[in-house]
Amino acid sequence: MEAVPGVGPIAAAAIRSHFDVEANRAIVEALGKAGVVLESEQAAEAEGPRPLDGMRLVVTGRLEHFTRSEIQDYIKRLGGQVSGSVSKRTDFVVVGEDAGSKLDDAQRLEVEVLDEEAFVSRYGTPA
C-alpha cells in the first residue's frame, strides 16, 4: 500500500486495519455488485495514451486556454496525478500568470516548470 502515491506507513496501517474487518470488506463488495465503479477500474478502462502515467503535477497561476478543472481533468486522463502543493516528489509544475509561491517552491526544489504553451506543445490539448 505504501507504493501508492500519497500513502505512508500510518495511512497504510489504518487502511489495512479497516479492511481486516469483514463487515467493511462486505460493504465494498456490495457496492461493486450494485454497479459502483471504483476509480482504479475507471482508470484501467480509460482509452488513449497515458504519457503522464505515474507522474505528479501541480498547476498554479491563471491559465489562458484552460480552466483549472479542465487542465486537471486532462492531466488525470493522461495518467497523471494532480497535487495541490510542490514537493520533491513533484515531476513538474504547470504555471500561468501570477503563479506565486508554488513557482517559488518549484524553483527552490529544482522541479521542472512548464508554462501553458510548453505543456500544450508536449501533451496536446483536451479533445
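**Figure 1. The whole chain, from one end to the other.** Start at the N terminus and walk along: the elements of the protein chain come in the order α-α-α-β-α-β-β-α-β-α. That gives six helices and four strands in the protein chain. Keep in mind as you look around that this is a predicted model. The protein chain has 127 residues, and 26% of them count as buried. Its accessible surface comes to about 8,500 Å², and carbon and sulfur atoms account for 51% of that. Now take the contacts in the protein chain with a separation of 6 or more: 62% of them are between residues 24 or more positions apart.

**Figure 2. Four strands, side by side, make an open sheet.** In what order do the strands of the open sheet lie? Reading across, you get β2-β1-β3-β4, and the pairing is parallel. The edge strands are β2 (81–83) and β4 (112–115), each of which pairs on one side only. Neighbouring strands of the sheet aren't lined up perfectly: on average they are turned by 35 degrees against each other, if you ignore direction.

**Figure 3. Zooming in on how the strands pair up.** Let's go across the sheet pair by pair. Strand β1 (residues 56–60) runs parallel to β2, and three bridges join the two. To find a spot where they face each other, look for V58, which stands opposite S83 in β2. On to the next pair: β1 and β3 are also parallel, with four bridges between them. Here T60 has V95 of β3 as its bridge partner. Finally, β3 and β4 run parallel and are joined by four bridges. In this pair, F92 sits opposite E112 in β4.

**Figure 4. The two ways side chains point from β3.** Are the residues F92, V93, V94 and V95 of β3 buried or exposed? All of them are buried, even though they don't all point the same way. F92 and V94 point one way from β3, while V93 and V95 point the other way.

**Figure 5. Two helices packed on the sheet.** Time to add some helices to the picture, beginning with β1 and its partner β2, which are joined by three bridges. Helix α5 (residues 101–108) packs on the sheet and touches β1, β3 (92–95) and β4. The direction of α5 makes about 140 degrees with that of β1. Helix α6 (residues 116–123) packs on the sheet too, touching β1, β3 and β4. For α6, the angle is given with β4: the two directions make about 95 degrees.

**Figure 6. G124, just past the last helix.** Follow the chain into the segment after α6 and you'll meet G124. Which residues does G124 touch, leaving aside those up to four places away in sequence? They are Y74 and F119. Y74 is 50 residues away from G124 along the chain, yet their C-alpha atoms are separated by 9.7 Å. G124 has a relative accessible area of 25%, so it counts as partly exposed.

**Figure 7. Three of the salt bridges, up close.** How many salt bridges does a search of the whole structure find? It turns up seven. One of them links D20 with R16, and their closest N and O atoms are 3.0 Å apart. D20 is partly exposed because its relative accessibility is 46%, while R16, at 55%, counts as exposed. Another joins R25 to E22, with the closest N and O atoms 2.5 Å apart. Both R25 and E22 belong to helix α2 and are three residues apart, about one turn of the helix. R25 has a relative accessible area of 36%, so it is partly exposed, and E22 is partly exposed as well, at 48%. A third salt bridge pairs D53 with R50, where the closest N and O atoms are 3.7 Å apart. D53 counts as exposed because its relative accessibility is 52%, whereas R50, at 28%, is partly exposed.

**Figure 8. A nonpolar patch on the surface.** Which residues make the nonpolar surface patch of about 260 Å²? The patch is made by I27, L31 and V36. You'll find V36 in the loop between α2 (22–33) and α3 (39–45). V36 has 41% relative accessibility, and "exposed" takes over 50%, so V36 counts as partly exposed.

Methods. Residues numbered from 1 in each chain as written. Predicted model: local features only at pLDDT ≥ 70, side-chain atom pairs only at ≥ 80, totals over all residues. Heavy atoms only, no water. Patch = residues over 30% accessible without salt bridge, like charges linked within 9 Å, V, L, I, M, F, W, Y side chains within 5 Å. Areas by Shrake-Rupley, 256 points an atom, 1.4 Å probe, with all protein chains shown as cover. Salt bridge = Lys/Arg side-chain N within 4 Å of Asp/Glu carboxyl O. Buried < 20%, exposed > 50% of the residue type's maximum accessible area, 1.4 Å probe, protein only. Pairing = 2+ DSSP bridges. Axes fitted to C-alpha atoms, helices over the stretch in contact; angles between N-to-C directions. Contact = heavy atoms within 4.5 Å.
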